[in-house]
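Subject: A structure for you to explore

Hello,

Here is the structure I promised to pass on to you. Please open it beside this email and look up each residue as you read.

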Amino acid sequence: MPEVIRFDNVSFRYPDEEDWIFEDLSFTVESGEKVVITGPSGSGKTTMLYLCNRLYPENCDGIVKGSVVLFDKESQSYLPGEVNHRIATVFQDPDAQFCMPTVEEELAFTLENLNVDREEMDFRIQDVLELTGLTEFRHSVIQKLSGGEKQQIATACALIMEPEVLLLDEPISHLDPYTAKQFIGWLDELQRKRSLTILAIEHRLDLWGGFFDREIQLERMKDAIPTRKRTSSKQGRQSMEVTNVGTDSFLKDVSFTLDRGEVAVLAGPNGSGKSTLLKALCQLIPANGTVRPSNLGYVPQSPEFLFVTKTVRDEIAFGGGSAVDDLLERLHLTAVADAHPFAVSHGQKRRVAIAAMLCDGREIILMDEPTSGQDAASMAELFGLIDERAREGTTFLIVTHDMEFAFHVADSVLLMKDGALTGKFDADHVWRDEDLLTKHHLLQPKGWVQHELCFA
């Protein structure tokens, strides 16, 4: 099969950095292949993807050595935008690529940039929405959609260009397990129908099964610290009380309590209201009801919204506290301590925000998808920090679609669906109730199955 991408001894670094993000990288991708890129957080996976679509170095001050060849032509010999309809990209943070308010307008904007006739636009929009199962969202306001729904819309925007190559940066990181499985099956069928070449970055390979033909590892992964299942750290004294919290448009009178030292996971289908609830609890959106106490720590899905300083170290130290160096080391951020927080990888940005909240000494911390973009070693350290702080009395409410992480960390699970809280459950009850999991688009964790086999 013909080559569509070739890297020959490619190195990349920023002008103000002495170290190369990666060095002497060589590989090829043939037409119709499905290839996954793996490596630790911060190893340059996203940078490599941006070289494949000419976003780098065209739109940054990066220094490139070596040769990047796209469709048998040196990447730098293409005119701006010339190759981008043949190589489409879905970014890790879908908000970074939206320009228009509604789904229909976003899709139309993409076609306008390709000079598609207006007569053809409506057909192309209808066709891609049917293809992706997103017809009901045609007139939706994008910023009112969940993170997972935005990810699916971003994929539709890439596919409407009818590309030959699809670049995906952790495409299932914001999808619930059931939707992720559907997405992977749909992508597999689409790839066969259109003979697409797919190059994806992914940490959660377990959900992909045999989808990929081969793996390119940018840097050897460090052995993860073994993660055990936590024993409960609840201290029998109420820490947080939520009473009838709701919004006029969607969220329906949510009530629950959390104990001091409790680690609770908030789970449910994409669009069920999980992120909306966290924002309501933090008074970031108008909401009814009461939350006690009101001084909550919050790590959002897009952590850069929190950043106010010019270095990672200063960002972690901004709220006070003396554990900056310890958190830098434990969350694998020492190497980027003096970097601007906007210049590090998505996974590192998330760890910076988490470290800032932990250093701040908040008694209650809310986290929205903290495991997104994290390699196994970083996940294990995050688990250790949560366990340690919970035993000291910190209460955690964590939104996650990662059921393996949830199994290891959760004392309790709050399940949401259609803007309402189904209930708060003991974690072990949720893992053994497959019907409850199915109704909330969740899959039984492999860790639970292995745990049950060990004690059978």
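Below I go through some salt bridges, one glycine and a few helices. Please keep in mind that this is a predicted model.

**Salt bridges**

How many salt bridges are there? The count comes to 26. Let me walk you through a few of them.

Start with Glu33 and Arg214, whose side chains meet in a salt bridge with an N to O distance of 2.8 Å. Glu33 sits in the loop between β2 (22–30) and β3 (34–38), while Arg214 belongs to strand β9 (residues 214–217), so this pair ties together parts of the chain that are 181 residues apart in sequence. Are the two partners buried or exposed? Glu33 has a relative accessible area of 14%, so it counts as buried, because the cut-off for buried is under 20%. Arg214, at 29% relative accessibility, is partly exposed.

Next, find Asp188 and Lys34. They also form a salt bridge, and their closest N and O atoms are 3.1 Å apart. Here too, distant parts of the chain are linked: Asp188 is in helix α5 (residues 177–194) and Lys34 is in strand β3, 154 residues apart. Lys34 is buried, at 11% relative accessibility, whereas Asp188 is partly exposed, with a relative accessible area of 22%.

A third pair is Arg124 and Glu162, with 3.6 Å between the closest N and O atoms of their salt bridge. Arg124 lies in helix α3 (residues 118–132) and Glu162 in the loop between α4 (147–159) and β7 (165–169), so the salt bridge ties together parts that are 38 residues apart in sequence. Arg124 is buried, with a relative accessible area of 11%, and Glu162 counts as partly exposed at 48%.

Some salt bridges share partners, and in this way Arg228, Arg230, Asp387, Arg391 and Asp411 are joined into one network. Try selecting these residues together on your screen.

**A buried glycine**

Now go to Gly246, which you will find in strand β10 (residues 238–246). Gly246 is buried, with a relative accessible area of 1%. Which residues does Gly246 touch, leaving aside its neighbours within four places in sequence? They are Leu251, Asp253, Ala287 and Asn288. If you would like to try a distance, take Gly246 and Ser378: they are 132 residues apart in sequence, and their C-alpha atoms are 34 Å apart in space.

**Helices**

In helix α6 (residues 274–281), the buried residues are Lys274, Leu277, Leu278, Ala280 and Leu281. These residues cover an arc of only 160° around the axis, so they lie on the same side of α6. A general point helps here: an α-helix has 3.6 residues a turn, so residues three or four places apart point the same way. After α6 comes Gln283, which has a positive phi, near 60°.

Finally, look at how helix α2 (residues 103–113) meets α3. Their axes come within 10 Å and cross at roughly 125°, which makes α2 oblique to α3. The crossing of α2 past α3 is right-handed. On the α2 side, the contact is made by Val103, Glu104, Leu107, Ala108, Leu111 and Glu112. On the α3 side, the residues are Arg118, Met121, Arg124, Ile125, Val128 and Leu129. You have already met Arg124 as the salt-bridge partner of Glu162.

Enjoy exploring, and write back with any questions.

Best wishes

How values were computed: Residues are numbered from 1 along each chain as its sequence is written. This is a predicted model: local features need pLDDT of at least 70, side-chain atom pairs count only at pLDDT 80 or more; totals for chains, interfaces and linings use all residues. Side-chain values use heavy atoms; hydrogens and water are left out. A salt bridge is a side-chain nitrogen of Lys or Arg within 4 Å of a carboxyl oxygen of Asp or Glu. Helices (H or I, at least four residues) and strands (E, at least two) are DSSP runs, numbered from the N terminus. Buried means under 20% relative accessible area, exposed over 50%, partly exposed in between (1.4 Å probe, protein chains only). Contact means heavy atoms within 4.5 Å. The arc is that of the directions from the helix axis to the C-beta atoms. Axes are lines fitted to C-alpha atoms, for helices over the stretch in contact, and angles run from 0 to 180 degrees between N-to-C directions. Angles under 35 degrees count as roughly parallel, over 145 as roughly antiparallel, 65 to 115 as roughly perpendicular and the rest as oblique. A crossing is left-handed if the near helix is turned anticlockwise from the far one by less than a right angle, and right-handed if clockwise.
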